[in-house]
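Let us test some structural labels against their cut-offs. Each question asks for the reason behind a term.

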Amino acid sequence: MRLDDYIESLEPDEEAERRRLAKEKSYAITDHLEEFERNFERALSGDSLVGSTAPSIFVGRSNYPDIPIGVLSPVGDEGAAEEYVTDGDWYRQGYGIDDVLQRRTGLLNSNKRANVDSPSIASRLAPTVHDSWDGFVGVQREVAIADRPVDLEIGLDDKPDLGLEPGTDVATPRGPRANARNAELRENPHVPRPVKKTLEDDDWQAQGAMTYLYRRGFDVYEINSILSAGALGERDQRRLVPTRWSITAVDDTVGQFLRGRIWNEPSIDEVQVRVNEYMGNRYWIVLAPGTWEFELVEMKAPGSIWNPNPDDGVWLQSASEGYEGRTSYVEETAGAYYAARLGVLEYLESIGRQAKCLVLREVSDHYWAPVGVWQVRESVRNAFDGVPGEASELSLEGREGLAGKYGEAETFHDAVAGLAPQLPISAARLRRKSELAAGLQSNLSAFSSTDG
């Protein structure tokens, strides 16, 4: 499909946008917190939650290395515990921001503090994380390595704090929290054989174990939970890893593995442009012939959650890498960089090709609450798969025929020039910020517009 035809077919559906905004603005988080409080009172037996089912865990980073660790369990909806696990199904089911926040407010984070190297902060002579399968740390690890939600009994020291923590661009928001006295398993969790293998090998470095699990069909969401619980790596190196850090670590490690897989593959032979929209974020992805290069440019609208002053201009940030990859952590775009890169590399590895890639992310003021970097990962993944999110959450309604298609351009320059009118900034400003765009052999007229 010609690029201009592809872009024309993606013009926003204003009526769909109005319906989406009406739905979002009707969301009232206090209603969900009140429902959680009622469910909590019904589920409490004395000072214990009996019959609790935990599908996932959370490891915080405050006061590192003595950090909060917790098991996350739905209250009042235990039979649907799997639906509360953050993964790609949320995108495929078309979850909107309010759907994510409903899931967060329905999850109780029963937590206590532990040292990243030892399950007890009271004694540095306590067993190491590697040896600990008892107590709260042990229960948390059992939840992390199981392939399905685990039935627990949780003893609590107090009632939940019903404040919702909004999370970050990396970590998904978290709901009510309560201090846990203890936790006990009410069943023997089922642990997949590949996970058992990584646990039993005391000499396996964490990067190799993560790659092994990925190759065995585990998605990054599952690997992240296992790493966070201190269940991967060489025996003496295993420790609890804050969730925010482990998410980026897994995306980066798997990304490096995939980059190695395409290292000697031939280049794609045409310039391709794909687009996806989700939760107030729009992604333009340009692939062009050449050896591997990657850049993410983020454009954050004034009045959005990451650029809250409505009088400021569009906030630009970018990060990039060449054929050899990066040797330092990405500061500006942080976890979004590694999540977007993973989606691109998965596609290239699946077709046995390499390319240079520019990802442009527009964060609009419709992205009214951060839901976590998973939405970046899934939006980029599905830009290639052609699986749009819920129509009411996107301005793609009525465009199912575009699934799996892309726009074509003669050159990388033509692709960027063709996209420029769709962006919230001028081509000139993009060129000054983007290393890939700045390296184009373009004529001056293509970038002659004033800053936007």
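The questions below deal with burial, a pocket, a helix crossing and some backbone angles.

This is a predicted model, in which local features need pLDDT of at least 70, side-chain atom pairs count only at pLDDT 80 or more, and totals for chains, interfaces and linings use all residues. Residues are numbered from 1 along each chain as its sequence is written, and side-chain values use heavy atoms, with hydrogens and water left out.

Q: Why is Met279 called buried or exposed?
A: Buried means under 20% relative accessible area, exposed over 50%, and partly exposed in between, with a 1.4 Å probe and protein chains only. Met279 has a relative accessible area of 0%, so it is buried.

Q: Why is Asn63 called buried or exposed?
A: Its relative accessible area is 57%, so Asn63 is exposed.

Q: What is notable in phi at these two residues?
A: Both are non-glycine residues with positive phi. Asn63 has phi near 60° and lies in the loop between E3 and E4. Met279 has phi of about 50° and lies in the loop between E8 and E9. Helices (H or I, at least four residues) and strands (E, at least two) are DSSP runs, numbered from the N terminus.

Q: Which bond joins Tyr64 and Pro65?
A: A cis peptide bond, with omega about 15°. Pro65 sits in the loop between E3 and E4.

Q: What makes helix H9 largely enclosed by the rest of the structure?
A: H9 spans residues 220-228, and 8 of its 9 residues are buried, so the rest of the structure largely encloses it. Among the buried ones are Val220, Tyr221 and Ile223.

Q: Which element gives the most to the lining of the largest pocket?
A: H9, with 7 residues. A pocket is an open set of points on a 1 Å grid over the protein atoms alone, where a 1.4 Å probe fits, with protein on both sides within 12 Å along at least five of seven lines; lining residues have an atom within 4 Å of a point. This pocket is lined by 48 residues, with Tyr221 and Glu222 among those nearest its centre.

Q: Why is H9 called oblique to H10?
A: Their axes come within 9 Å and cross at roughly 125°. Under 35 degrees is roughly parallel, over 145 roughly antiparallel, 65 to 115 roughly perpendicular, and the rest oblique. The H9 and H10 angle therefore makes them oblique.

Conventions
Axes are lines fitted to C-alpha atoms, for helices over the stretch in contact, and angles run from 0 to 180 degrees between N-to-C directions.
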